[in-house]
Every structure is written in C-alpha cells, then in structure tokens.
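Ready for a few warm-up exercises? Have a look at the model first, then try each task before you read its solution.

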Amino acid sequence: MKLIRLVDNSKDGILENNFNDGFEIKPNSKVALQDVSIQLDAQEFLVDHSNDNVVFQYNANDPATAQNFDIPAQTYNKDSADTLRAAIQNGLNRTQGYNVKQIGFQFDVDDKDNKTRIESRFCPNDFNIFRTNVAAPYGDAMNDATITAGIISQTGAGGVADDRNTLYSNQTFGKGSAVFRTRISRLIDVGADASNLHGFDIGLSDINPQSWDKTGNFTLPDATKTFNIRVRKTTDEILYNTKGNVNQASGFSPKVFDGTRNSDIIEIAIFENKIRGKVYTSDGNVANQQKVLFEVDLNVAYPNAGQNTFLYPYIIFHAADANCRLDSYTRCFFDPFKSNIKPSTFDDAEDELGALPQPPSPARPATAVASQLFFESFELAQYLGFEENLLLTQDPTRISFITHSENIFKAGLKYDNIIVETMNLQLESYDGLEKGRRNILASVPTIENSNGVIVYEPNNQNFLDIRNQEAIILRNFRVRVLFSDLTDCPTVGLNAITILIKSPDE
C-alpha cells in the first residue's frame, strides 16, 4: 500500500506535486481518501468610501430621477454575503420616493442559482387589493365591519367606543415606497353622543393581528395600534399616535362634504426610511391643504429592522354606516414579495383626486419606464457576479427592474460538501449531475474548525477501482477540490490531501 500526501498553496483548488523518483501503480489497483485539510477562500471584499456608492435611476432618460445610497463600509466575505445582499436591498428600498412611479415599488436582492438577482415588484393601485386582503384567510372584517365594491363602514345600529368593528390584514405592508390612504365619504355627528362613539381609526400595527387579543368587545392598546390616526366628530380635533407615544391632538378637525370627492384624505406613507401621517384637505388656505401629523425615522423606531419592519394595516369603525363611511378611493400598497399580491393589473383611478387642491401623489407603478442601476465600483459589481457596473433592466415590459448576474457570486455560495477529484488518474466513479463518469475520489463535508479550515478524515476508507489495465508510473500527481456543482473552488493557505493506493494483492 502506498500513501501519497499532496501539499500545495495554490489559490485555484488544485493540489499538484512532482515526485523525483516517481512511483508505480500496479494494474487494477484501488485508491481511497485518507484525510483532507483545506481552507476555502473567504472571498473577501472591502467596501469603503471609495467604492460604496450605488445609484438607481427609475427613468434612465431623466437624470433627475437618480437616487443614490452608500453600502455600509466593512469587509464582506462568504460569511456575510447575505449581509451584503441585504445592504443593497435596504439601500434600494430606502431610496424609493413618494412619487407617481415609485409608490407601490419594492426591491429584493437575492440568490438565484448562485447568481445575484436584483428585482423590483409593484403592488397594484387598486381598491380591490385592500378588499381582498381583509377577507379570510388574509385578514378579517370583524363583527359589523363591512367592505363592498364602493363602501367601507360598519352596519351596526349605533356607535361603539371599543374596537370590535375592525377590518385588518395579516399581510405585511410595503417596505419600499408604500401608502395606506382612505377618503372620508360620510361623517355626521350624532347629537350629544360622546366623541368616542364617532368616526374611525386607520393605522399600521407592528404586531400581526393574528396575535391580537380580540376577545369579546375588545379595545386595542395604543402599543398595538402603533401608528394610528383617529377621526371622531366633525368638530373634534383629529388625533394621532406613534410608536411609544399616547394620543396627541392635531390642532384641526376633519373637513367632510357628504358623498363628494372634496372630503379629507387620510394617509400613512412609508418612503425614504420614514413613516409619515398626513391629511389632505380642501381648506381654502393653501398652507393648510396638506397637514403632516407625524413623521418618524424608522431606524430610530426600529433600530434593528428599520424599513424592513413588518407592519399590518387596519381600519376600526366606531360610528354606524349612517354616520361614518369611507369610499372606494381607499388604497393599501402591500409587500409585493411577501403578501397576497399578483402584480399583473392596476387600477388607474387617479381622476378621483381632482377635487382636492393639493391631493396626494397618484400611483402608477406599472407605467413602462426604462430604469437602470449603477455601481460606482466596477470591482464590486464583478464581486457580485456582474460583468458591467451599469445594469439595465432585463424586463422586456420595462414595468419592473430586474437583472441577474452573468457569473456566480462566489461569496454567496453555500455548499454542504466539496468534491475531491483526481485530475490524472482515471477512476471508476460516476456523477449524476453530469450523468457520466468523473474521477471523483470522495465527497467532503464543509465543516470548518475554529481557524476556518476543513479538516476531515473518513471513518472508513472506501477504496475505488483505478482504470488501469497496465502499470502506471506517476511522477506528477494532481488532485483538485470542486464545489458540489462541480464549479471551481478557490482556496487559500497551505492545503493538504492524503491518498492511499493499494495493489490487487494487498
């Protein structure tokens, strides 16, 4: 029996040694792996102020639509590949502005067949999106709360102070540029009834409604309502609440013109990493036609998640339909990657906004516009697997931005094992991926020690037949390691593989 130890410090995963005397391999000998000590290349890439900038331009023909962000400075490697992809995704979503093209838009940066995929999707601008997602199994219209083709209200006999008449969705709100807005169609005071028996709430909760305590005639705590706008009587000030705070007075009351398009629009919007509550009104004073209730930095409210925080929309009715009603202008832009969304059609109903002097931004995310993404650093683009640093959308409709890297993002590779293959010794081994014979000696689990080195010794030597009818004299012996998909496996440091060869008579 012969023991051959191959040692090499090459970076291409090939271990090649020349032996001065050479050695003979007798006909019909067998070979087995004794042990392996391999350190895979960590695929490190340093991002700093010289190469951290990325620019997304949602209209490639209009430089004014360019929005840029910086990737956090650090050294990225195979252990932080997901962190790099998330940093690019978060940066793209943070740049999405409050405008006709980007409301409803969201980005996802992910692995696709070991390549980098950068993709945007949009949530359609459609009342029926909200209607569908407050019905089982995606949500619920509880007790007397109802939503029809053009009306949202509660059909009970009178006003209630509690929150039993709630419409909610357990589908998560958008994380790029997204709005949840509604228009008041009817708001009529009922005599001397208390304020808390009037109006409605609209808001976003950071607690999945499936976890709410909805027992009996429940009342949700402020912490559960999280970001909330409360409309009561026509003479009462609108109230609002943000995470960690109690209800605050806005300083103004709602303006409602029963059954017309002139009434107030209440909106909660996420864009550029902040959440904003706002009222659009028909006030004759131009300065009062758009009133900001709150604006919160999501990184401050949610230091670990920021704009990725899961938020869930709800509407709560206190007054009955005869006294409070919202109309079909209600819109909710959900997360198009995680929610019940089919981004195929959209409702261009923006003419409904014409009655307000300063209406909210319309949303036409499905408008066909050629977009582009630019990495300041060509080397960073190459690291991610792209051959160019200016990336144009590969979506032929130009509705969304989507691109796939031409090459593998090696730092993002995750394999449970690597393959040891002889390069100049023919073996009786076969591979299902290539559906044919390969010189595969063994499969080695990619379990690293504390120094990042794969050290492996099989419990039993599995001897394979060598395809040699005649004796072989070897002076040069080459072995390589490959990823399990048989692609090149870069290595660093001094690597070693020990092989046993035994003759037929042993």
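**Exercise 1. Which residues line the largest cavity?**

Before you start, keep in mind that this is a predicted model.

Step 1: Count the cavities. The structure holds 1 cavity of 30 Å³ or more.

Step 2: Get its size. The largest cavity comes out at a volume of about 40 Å³.

Step 3: List the lining. The residues are Phe-56, Tyr-58, Lys-101, Phe-105, Ser-120, Val-369, Ser-371, Arg-398, Ile-399, Ser-400 and Phe-401.

Step 4: Sort them by type. The lining divides into 6 nonpolar, 3 polar and 2 charged residues.

**Exercise 2. Work out how the rings of Phe-56 and Phe-401 are arranged, and which parts of the chain the pair ties together.**

Step 1: Start with the overall tally. The whole structure has 16 aromatic pairs.

Step 2: Take the distance and the angle. The ring centres of Phe-56 and Phe-401 are 5.8 Å apart, and the planes meet at 85 degrees. An angle over 60 degrees counts as edge-to-face, so that is what this pair is.

Step 3: Place the two residues. Phe-56 belongs to strand S5 (residues 53–57), while Phe-401 sits in the loop between strand S26 (390–392) and strand S27 (402–408). The pair therefore ties together parts that are 345 residues apart in sequence.

Step 4: Check burial. Phe-56 and Phe-401 are both buried, and both also appear in the cavity lining from the first exercise.

**Exercise 3. Do the same for Phe-200 and Phe-317: stacked, edge-to-face or tilted?**

Step 1: Take the numbers. The centres of these two rings are 6.5 Å apart and the planes are at 40 degrees.

Step 2: Classify. Stacked needs an angle under 30 degrees and edge-to-face needs one over 60, so the Phe-200 and Phe-317 pair is tilted.

Step 3: Place the residues. Phe-200 is in strand S15 (residues 200–205) and Phe-317 is in strand S22 (residues 312–317), so this pair ties together parts that are 117 residues apart in sequence.

Step 4: Check burial again. Phe-200 and Phe-317 are buried.

**Exercise 4. Find what else the aromatic rings take part in.**

Step 1: Look for a group of rings. Phe-19, Phe-23 and Phe-477 make up one aromatic cluster.

Step 2: Look for charges over rings. Lys-291 has its charged end over the ring of Phe-252, 4.2 Å from the ring centre. Likewise, the charged end of Lys-502 sits over the ring of Phe-463, 4.3 Å from its centre.

**Exercise 5. Test whether the span of helix H1 agrees with its number of residues.**

Step 1: Count. Helix H1 covers residues 81–95, which is 15 residues.

Step 2: Work out the expected span. It is 1.5 Å times one less than the number of residues, so H1 should span 21 Å.

Step 3: Compare. The end C-alpha atoms of H1 are 22 Å apart, which agrees.

Step 4: See what is tucked away. Buried residues in H1 include Ala-81, Leu-84, Ile-88, Gln-89 and Leu-92.

**Exercise 6. Thr-226 and Glu-272 have something in their backbones worth spotting: what sign does phi have in each?**

Step 1: Read Thr-226. Its phi is near 55 degrees, a positive value in a residue other than glycine. Thr-226 lies in the loop between helix H3 (222–225) and strand S16 (227–231).

Step 2: Read Glu-272. Phi here is near 50 degrees, again positive in a residue other than glycine. Glu-272 is found in the loop between strand S19 (265–271) and strand S20 (274–280).

Step 3: Set their exposure side by side. Thr-226 has a relative accessible area of 1%, so it is buried, whereas Glu-272, at 39%, counts as partly exposed.

**Exercise 7. Where does a cis peptide bond turn up?**

Step 1: Check omega. The bond that joins Ala-136 and Pro-137 is cis, with omega about 5 degrees.

Step 2: Locate the proline. Pro-137 is in the loop between helix H2 (127–133) and strand S10 (139–141).

**Exercise 8. How far apart in space are Arg-475 and Asp-21?**

Step 1: Place Arg-475. It is in strand S34 (residues 472–483) and, at 48% relative accessibility, counts as partly exposed.

Step 2: Read both separations. Arg-475 and Asp-21 are 454 residues apart in sequence, yet 6.9 Å apart in space, C-alpha to C-alpha.

Key. Residues numbered from 1 in each chain as written. Predicted model: local features only at pLDDT ≥ 70, side-chain atom pairs only at ≥ 80, totals over all residues. Heavy atoms only, no water. 1 Å grid on protein atoms, 1.4 Å probe; cavity = no way out; pocket = protein on both sides within 12 Å on 5 of 7 lines; lining within 4 Å. Points joined across faces, edges and corners; volume = space filled by probe spheres on them. Nonpolar A, V, L, I, M, F, W, Y, C, P; charged D, E, K, R; others polar. Phe/Tyr/Trp six-rings, centres within 6.5 Å; stacked < 30°, edge-to-face > 60°. Helix = DSSP H or I, 4+ residues; strand = E, 2+ residues; numbered from the N terminus. Buried < 20%, exposed > 50% of the residue type's maximum accessible area, 1.4 Å probe, protein only. Lys NZ or Arg CZ within 6 Å of the ring centre and 35° of its normal.
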